[in-house]
Amino acid sequence: TCKMCSKKQGDYSLHIHHIDYDKKNCNSNNLITLCISCHVKTNFNRDYWRVKLVLLGKEPSECNYRRIK
């Protein structure tokens with residue numbers, strides 16, 4: 001499930017986004033699943049998205065969905 005728009009994975013793959021934009025930081029607290037539409041949005045205004053996605057990642061209801069199985 002995309003953590004921004006709640007779109008469920010269907011015939012397409014979800015993307016794993018690095019919240020701090022550091023691809024070497026693969027800590028589960030730094031990863032969030034996004035659909036392609038939302039992932040494209042995060043490539044602009046990175047400071048805004050970094051804060052917003054950190055907050056999304058801290059929501060208790062989201063904690064079980066950080067990794068794609």
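Let's begin with strand β2, where both faces are covered. Leu31 and Thr33 point to one side and are buried, and Ile32 and Leu34 on the other side are buried too. Keep in mind as you look around that this is a predicted model.

Strand β2 also has a partner. Strand β1, residues 15-18, pairs with β2 in the antiparallel sense, over 4 bridges. You can find one of the matching pairs yourself: His18 has Leu31 in β2 as its bridge partner.

Now turn to the largest nonpolar core, which has 11 residues in all. Among them are Ile32 and Leu34, which you have just met, along with Cys2, Tyr21 and Trp49. Two elements give two or more residues to this core: β2 (31-34) and α2 (46-57). Of the elements, α2 gives the most, with 3 residues.

Cys35 is another member of this core. Leaving aside residues up to four places away in sequence, Cys35 touches Cys2, Cys5, Lys7, Tyr12 and Leu14. Of these contacts, Cys2 and Leu14 also belong to the core.

Our last stop is His39, which lies in helix α1, residues 36-41. Is this residue buried or exposed? His39 counts as buried because its relative accessibility is 18%, and the cut-off for buried is under 20%. Its surroundings link back to where we started. Again leaving aside residues up to four places away in sequence, His39 touches His15, Ile16, His17 and Leu34. With His15 there is also a polar contact between the two side chains, at 2.8 Å.

Note on methods:
Residues numbered from 1 in each chain as written. Predicted model: local features only at pLDDT ≥ 70, side-chain atom pairs only at ≥ 80, totals over all residues. Heavy atoms only, no water. Core = buried A, V, L, I, M, F, W, Y, C linked by side-chain atoms within 4.5 Å. Buried < 20%, exposed > 50% of the residue type's maximum accessible area, 1.4 Å probe, protein only. Contact = heavy atoms within 4.5 Å. Pairing = 2+ DSSP bridges. Polar contact = N/O pair within 3.5 Å; in protein donor to acceptor, adjacent residues only side chain to side chain.
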